[in-house]
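Below are some notes on the model, set out as numbered points. Please read them with the structure open.

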Amino acid sequence: MKHLLSPLDFSVEELDQLMDVALDISKNPEKYAQACKGKKIATLFYEPSTRTRLSFEAAMLNLGGNVLGFSSSDSSSAAKGESVADTIRIVSCYADICAMRHPKEGAPLVAALHSSIPVINAGDGGHQHPTQTLTDLMTIRTLKGHLDNITIGLCGDLKFGRTVHSLINALIRYPNVRFVLISPPELRVPDYIRQEVLKANGAFYKEVTQLEEIMPELDLLYMTRVQKERFFNEEEYIRMKDCYILDKKKMEYAKKDMLVLHPLPRVNEISTEVDRDPRAVYFKQVQFGVYIRMALILKLLEVEVC
Ligand code: CP
């Protein structure tokens, strides 16, 4: 039985196969409409979510399966003190696969250790968000045509932004990917990402604080929101929250084919006027998220569709 706790749980070849299936799903949805008939996914969300939870549910429904779950810890027995280990033992009796989001880093790993069904990490604290990474890879591969030979700018809250940590971990495996890390000094990537991922793999990276001046170099700009829920101090959040705002003026510095991605939700960091720019692909990204999660469910449940 396989789980997805980190993007590194799949080889580059497995990721390619997953994206091939997702592409086929996007072209032939009817072929997959009954693939998971009789199967159930449990969405165990101890933290708020719109996209990840609903896209997992939409993915399973699109495959002919069913969904159950909870959308906050308050509406589950976690509120009475039940542990993640006990919860997953129970859910293993009700569902065939589960997606878990939790504010504590490592909670999905604990679940996987006690589970008899595949566990998908749907975001654990400020650590990892592997299915957002699958979505991001699918978006880049489909719209750019390749995942190698790119310069990607990652901008905003690189300290707490789990989507950034997972994406760097995944992209490091493709040749000639250059990382430009754009953040205020207070929100730089954690040192383990710098030392154990970027430096350890000999990746090209640079850390800058200004967005405008780096824009002309980028093939991709991955914007992120400042993660309010991870700050201990509200004053510090308020000081940081508008540190970068991408607007039409800044887009003028970008290449004609630079793509703007964002895992969403957006707060202020991308002005809504940018939405009309054809290079803004963050809403297309959401649709790719459903196809890749459908492909992931099929893979983890070992369902083959001919
Ligand atoms: N991208 C993402 O994880 O969005 P949600 O928090 O709405 O699931």
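1. Thr87 is a buried residue, with a relative accessibility of 7%. The model is a predicted one. Thr87 sits in helix 3, which covers residues 84-91. Apart from neighbours within four places in sequence, Thr87 is in contact with Tyr46 and Glu82.

2. Which residues surround the ligand? They are Ser49, Thr50, Arg51, Thr52, Arg101, His129, Gln132, Pro263 and Leu264. Polar side-chain atoms of Ser49 and Thr52 are each placed 2.6 Å from an oxygen atom of the ligand. Gln132 has a polar side-chain atom 3.0 Å from a nitrogen atom of the ligand. The protein buries 91% of the 260 Å² that the ligand exposes when taken alone.

3. Thr135 belongs to helix 5, residues 130-144. Is Thr135 buried or exposed? Thr135 counts as buried because its relative accessibility is 3%, and the cut-off for buried is under 20%. A polar atom of the Thr135 side chain lies 2.9 Å from the backbone oxygen of Thr131. Leaving out neighbours within four places in sequence, the contacts of Thr135 are Gln285, Phe288, Gly289, Ile292 and Arg293. For one of these, Gly289, the C-alpha to C-alpha distance from Thr135 is 4.7 Å, with the two positions 154 residues apart in sequence.

4. Helix 5 also takes part in a salt bridge: the side chains of Arg141 and Asp20 meet with an N to O distance of 2.9 Å. This pair links distant parts of the chain, as Arg141 is in helix 5 and Asp20 in helix 1 (residues 12-27), 121 residues apart. Asp20 is partly exposed, its relative accessible area being 41%.

5. A second salt bridge joins the side chains of Glu186 and Arg239, at 3.1 Å from N to O. Glu186 is in the loop between strand 6 (177-182) and helix 7 (191-199), while Arg239 is in helix 8 (residues 234-240), so the pair ties together parts 53 residues apart in sequence. The relative accessible area of Glu186 is 33%, which means that Glu186 is partly exposed. The count of salt bridges in the model comes to 21.

6. Within helix 7, Arg194 and Asp191 are three residues apart, about one turn of the helix. Their closest N and O atoms are 2.7 Å apart, and the two residues form a salt bridge. An α-helix has 3.6 residues a turn, so residues three or four places apart point the same way. How buried or exposed is each partner? Arg194 is buried, with a relative accessible area of 9%, whereas Asp191 is partly exposed at 44% relative accessibility. Salt bridges with shared partners join Arg188, Asp191, Arg194 and Glu207 into one network.

7. Helix 6 spans residues 162-171 and is mostly covered, with 10 of its 10 residues buried. Among the buried residues are Arg162, His165 and Asn169 as well as Val164, Leu167, Ile168 and Leu171. Thr163, Ser166 and Ala170 are also buried.

8. Gln227 lies in the loop between strand 8 (220-223) and helix 8. Gln227 counts as buried, because its relative accessibility is 9%. With neighbours within four places in sequence left aside, Gln227 is in contact with Asp157, Phe160 and Gly161.

9. On the surface, Leu68, Ile90 and Tyr94 make a nonpolar patch of about 260 Å². Leu68 is part of strand 2, residues 66-70. Where does Leu68 fall between buried and exposed? Leu68 is partly exposed, with a relative accessible area of 31%. That value passes the patch cut-off, because a patch is made of residues with over 30% relative accessible area.

How values were computed. Residues are numbered from 1 along each chain as its sequence is written. This is a predicted model: local features need pLDDT of at least 70, side-chain atom pairs count only at pLDDT 80 or more; totals for chains, interfaces and linings use all residues. Side-chain values use heavy atoms; hydrogens and water are left out. Buried means under 20% relative accessible area, exposed over 50%, partly exposed in between (1.4 Å probe, protein chains only). Helices (H or I, at least four residues) and strands (E, at least two) are DSSP runs, numbered from the N terminus. Patches are made of residues with over 30% relative accessible area and no salt bridge: like charges are joined within 9 Å, nonpolar side chains (Val, Leu, Ile, Met, Phe, Trp, Tyr) within 5 Å. Accessible areas come from the Shrake-Rupley method with a 1.4 Å probe; for residues, only the protein chains shown count as cover. A salt bridge is a side-chain nitrogen of Lys or Arg within 4 Å of a carboxyl oxygen of Asp or Glu. A residue is near a molecule or strand if one of its heavy atoms lies within 4 Å of it. A polar contact is a pair of N or O atoms within 3.5 Å; within protein, one must be able to donate a hydrogen and the other to accept it, and residues adjacent in sequence count only if both atoms are side-chain atoms. Contact means heavy atoms within 4.5 Å.
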